[in-house]
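Biologist: I am new to this protein and should be grateful for a guided reading of its model.

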Amino acid sequence: MIDRLKDPVFFIGFPRSGTTIIFETFVRHPAFGWLANYAEMWPSVISANILCRLLDNRLIRLRGHKKQYGSVRLGNRYFPQPVEAYAFWDHFTGINFSRDYLLGQTADNAARLRVRRALHNTILYQGKTRFATKLTGPGRIQYLLSIFPDARFVHVLRDGRAAVESLLRVEFWRDKGGMDAPFWVNGLEAGAIDDWNESGRDPVVLAAYQWKRIIETTRDEARGLSHEKYIEVKYEDFVASSPAVTSKLLSWAGLVVDAADMQVEMIGTGFSDMNRKYLEVFDSEQINALNQIMGPVLGQLGYSL
């Protein structure tokens, strides 16, 4: 019997750090099933995942995609495509999974069984043998390990100044309150909140502190995990050579890297490095604030000031 939840792969990282493009290129490998848009629209209707098998296979290629990858066809939102599916996670964990750092928390046995059963059936309906997904924001590593003890984590990193600049332009951040309050709860320290208030509640300062806290807590939670269980990948390296990074990740996940198995040309090609755009968008005071807040962590990650 195939254990479809053996060695699941979780792509984690701060939003706008390249998690989407790296994850979606990775799961072009035919072994992987993932949480689709149906898990967000109808989280309890697991059987809807049969549409992934019917619409996206070797004969029919009706896969949806985000607008950032180009124009979309009519009905795009109903074609199978990977999503973070926080409605699924909130529903089956029974907690505020989507908006909490979950530091020091683990899943109870009932939640563990609900999540594993739902994901096993999801991958079964999709006709796949491995599970991978993407979750941005706090890493939630220890909580996820309490459900999936053999989970693997890919932590996608990017220069935080570029990630913050990009984040402040996207709809979900503005529409869901990211400009006016911490986006995730039970994470930011009091000193960060005080500094944000003293800045006149500048959204740049707030986002910078959240980037810093997410990187720090995710790496703290990963401390002690072996290289086989946790790996860090930089978006800048992917932009420079997406095939090399993808092959490295597939090998790390224990899969034979066969170009013929990728089915379609990888989507992670032809992207420009936009890491210095923040210098054009933010004023000198904001740039100084970013460097002051993020500087030590950026240095640890190898980014220069």
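The questions below go from the overall fold to its sheet, core and last helix.

Modeller: This is a predicted model, in which local features need pLDDT of at least 70, side-chain atom pairs count only at pLDDT 80 or more, and totals for chains, interfaces and linings use all residues. Residues are numbered from 1 along each chain as its sequence is written, and side-chain values use heavy atoms, with hydrogens and water left out.

Biologist: How many helices and strands does the protein have?

Modeller: Helices (H or I, at least four residues) and strands (E, at least two) are DSSP runs, numbered from the N terminus. By that count the protein has 14 helices and five strands.

Biologist: Which strands stand at the edges of the sheet?

Modeller: Strands pair if DSSP finds at least two bridges between them. The open sheet has parallel pairing and the order β2-β3-β1-β4-β5. Each edge strand has a single partner, so one side of it is left without a neighbour in the sheet; these strands are β2 (32-33) and β5 (230-234).

Biologist: Which residue of β5 stands opposite Leu 157?

Modeller: Strand β4 (residues 152-157) runs parallel to β5, joined to it by five bridges. Opposite Leu 157 stands Lys 234.

Biologist: Which helix gives the most to the largest nonpolar core?

Modeller: A nonpolar core is a set of buried (under 20% relative accessible area, 1.4 Å probe, protein chains only) Ala, Val, Leu, Ile, Met, Phe, Trp, Tyr and Cys residues joined through side-chain atoms within 4.5 Å. The largest has 34 residues, and Val 164, Trp 211, Phe 282, Leu 290 and Met 294 have the most contacts inside it. At least two residues each come from α7 (160-167), α9 (190-198), α10 (203-222) and α14 (284-301). With nine residues, the helix that gives the most is α10.

Biologist: Which residues of α14 does Trp 211 touch?

Modeller: Contact means heavy atoms within 4.5 Å. Leaving aside residues up to four places away in sequence, Trp 211 touches residues including Phe 14, Arg 158 and Val 164. Helix α14 spans 284-301, and the partners of Trp 211 also include Met 294, Val 297, Leu 298 and Leu 301.

Biologist: Where in α14 does the kink lie?

Modeller: The bend at a residue is the angle between axes fitted to the seven residues ending there and the seven starting there. In α14 the kink is about 65° and comes shortly before the proline Pro 296, at Met 294.

Biologist: What covers the buried residues of α14?

Modeller: Buried residues of this helix include Ile 287, Leu 290 and Met 294. Their cover includes β4, α7, α10, β5 and α13 (278-281).

Notes: Buried means under 20% relative accessible area, exposed over 50%, partly exposed in between (1.4 Å probe, protein chains only).
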